[in-house]
Amino acid sequence: MSTVNRNFDVFGVGNALVDTLSFVDDAFLEKHQLARGIMTLADSKRQGDILYDLQDRSLELRSGGSACNTIWNIALCGGKAAFAGKVAADANGEFYKRDLERLGVAFNSRPIAENHGATGTCVVMTTPDSQRTMCTHLGVSIKLGKDDIDLDQVKHSKYLYIEGYLWDSEVPRKACEHAMEFAKKHAVKVALTFSDPFCVDRYRDDFRRIAKEYCDVVFCNAEEARSFTGWHDLDACVKELNGFSQHVFVTNSADGAFVAENGVIQAVGGFPVKAIDTNGAGDAFAGGVLFALAHDYSSEKAARWGNYLGAEIVKIHGARLPDSYTEHVKQVIG
């Protein structure tokens, strides 16, 4: 058994992006040739065109990115968390840092000089069917390197959490593998989220390798599970995934989630709600699960808590729950 004092429940690594949130209609997506429900990478010009067309609509800003949203939810549950992501020394970068620190999340990544690029941004558009579509300009987030990950904080964490979106850039990808290798050497459990079905399509072989070599926990949704395994039947998908990682959590929209642990598969029901925005549901689920696992709840109870947070997030606009959920934990999972 490790005698290291674990100061953090989870250390997250992800793209540091300032989110701009807005409601749009189907015609808006068609005009800008955006695939519904998918994250599209774009250059600054294309994203600028989209923001220009949104200028007369109500917009909200958030410090975001998939892993960051998960870390935010862990903190709202009362957990202790740290995050690594690359920002620039610009207004968005300062906003990002302050937004995390006000919640008590440790964010020690060094900003890069503004003349080397801008902080990454993501336009999150929600259509009337509650589906979210994203257009992302990664900015300096693609410069996240080994030196931006505080290995001492990783060593003193119970879990290292990595988002699959980081595989879209070579430098962050190498930094993640370096962090995972370090975590395994110091008895820190490693968790990976697949992030997006197109991400799985692009890096399936790599995801299969790192899931087998490093991961104690894997997160994905039903579509990502099918892309990863090639099966349509979700039971078969979960069973195969469990061969790659000890713990597997597969979300299945309003039906809840499948949980697999050491070959035992069970379905954990969701919480029926009226959804207005699905943005951040998977991130909230992962945050709930990791918080519960870090506090020694069973996988089943962890999935139930993740389902609860996922249900709460789809009732509001954006990927961030606004209030503390520490009092809800005992009510929901005992």
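Helix H2 (residues 44-53) lies across strands E2, E3, E7 and E8 (132-137), and its direction is at about 40 degrees to that of E7. The model described here is predicted. The strands beneath this description belong to an open, mixed sheet of 5 strands. The largest nonpolar core has 53 residues, the salt bridges number 19, and the disulfides number 0.

**The open sheet and helix H2**

- The order of the strands in the open sheet is E3-E8-E7-E2-E4, with mixed pairing.
- Strand E3 (39-41) and strand E4 (60-64) are the edge strands; each has a single partner strand, so one side of each lacks a neighbour in the sheet.
- On average, neighbouring strands of this sheet are turned by 25 degrees against each other, direction ignored.
- Strand E2 (residues 17-23) runs parallel to strand E7 (residues 120-126), and 7 bridges join the two.
- Within that pairing, aspartate 19 is opposite cysteine 122 of E7.
- Of the strands in this sheet, H2 lies across E2, E3, E7 and E8.

**Strand E1 and its partners**

- Strand E1 (residues 8-13) is mostly covered, with 6 of its 6 residues buried.
- Strand E9 (residues 157-163) runs parallel to E1 and is joined to it by 5 bridges.
- Glycine 12 has tyrosine 161 opposite it in E9.
- Strand E5 (residues 81-84) also pairs with E1 in the parallel sense, through 4 bridges.
- Alanine 82 in E5 is the bridge partner of phenylalanine 11.

**Nonpolar cores**

- Val13 and Leu160 have the most contacts inside the largest nonpolar core, which has 53 residues.
- Beyond its neighbours within four places in sequence, valine 13 is in contact with Ala67, Phe83, Ala84, Leu144, Ile149, Leu160, Tyr161, Ile162, Glu163, Leu166 and Cys176.
- A second core, separate from the largest one, has 48 residues, among them Cys77, Phe83, Ala286 and Val314.

**Serine 66**

- Serine 66 is placed in helix H3 (residues 66-76).
- Its relative accessibility is 10%, so serine 66 counts as buried.
- Not counting residues up to four places away in sequence, serine 66 touches Glu163, Tyr165 and Asp283.

**Cysteines**

- The structure holds 0 disulfides.
- Cysteine 77 cannot be assigned a bond because its sulfur is 15 Å from the closest cysteine sulfur, that of cysteine 68, which is too far.
- Cysteine 77 is buried, at a relative accessible area of 4%.
- For cysteine 122, the closest cysteine sulfur is in cysteine 135, at 7.5 Å, and this too is too far for a bond.
- Cysteine 122 is buried as well, with a relative accessible area of 2%.

**Salt bridges**

- The count of salt bridges comes to 19.
- Glutamate 94 and arginine 98 form one of them through their side chains, at 2.8 Å from N to O.
- These two residues, glutamate 94 and arginine 98, are 4 residues apart in helix H4 (residues 91-101), so about one helical turn separates them.
- Glutamate 94 is partly exposed, with a relative accessible area of 37%, whereas arginine 98 is exposed, with 57%.
- In helix H7 (residues 197-213), aspartate 201 and arginine 204 lie 3 residues apart, about one turn of the helix.
- The side chains of aspartate 201 and arginine 204 meet in a salt bridge of 2.9 Å, N to O.
- Aspartate 201 counts as partly exposed at 40% relative accessibility, and arginine 204 is partly exposed with a relative accessible area of 27%.
- Arginine 209 and glutamate 213 are likewise in helix H7, 4 residues apart, about one turn of the helix.
- The closest N and O atoms in the salt bridge between arginine 209 and glutamate 213 are 3.6 Å apart.
- Arginine 209 is partly exposed, with a relative accessible area of 29%, and glutamate 213 counts as partly exposed at 44% relative accessibility.
- Arg209 and Glu213 also belong to a network of salt bridges that links them with Glu177 and Asp206.

Technical notes: Residues numbered from 1 in each chain as written. Predicted model: local features only at pLDDT ≥ 70, side-chain atom pairs only at ≥ 80, totals over all residues. Heavy atoms only, no water. Buried < 20%, exposed > 50% of the residue type's maximum accessible area, 1.4 Å probe, protein only. Pairing = 2+ DSSP bridges. Disulfide = S-S within 2.5 Å. Axes fitted to C-alpha atoms, helices over the stretch in contact; angles between N-to-C directions. Contact = heavy atoms within 4.5 Å. Core = buried A, V, L, I, M, F, W, Y, C linked by side-chain atoms within 4.5 Å. Salt bridge = Lys/Arg side-chain N within 4 Å of Asp/Glu carboxyl O.
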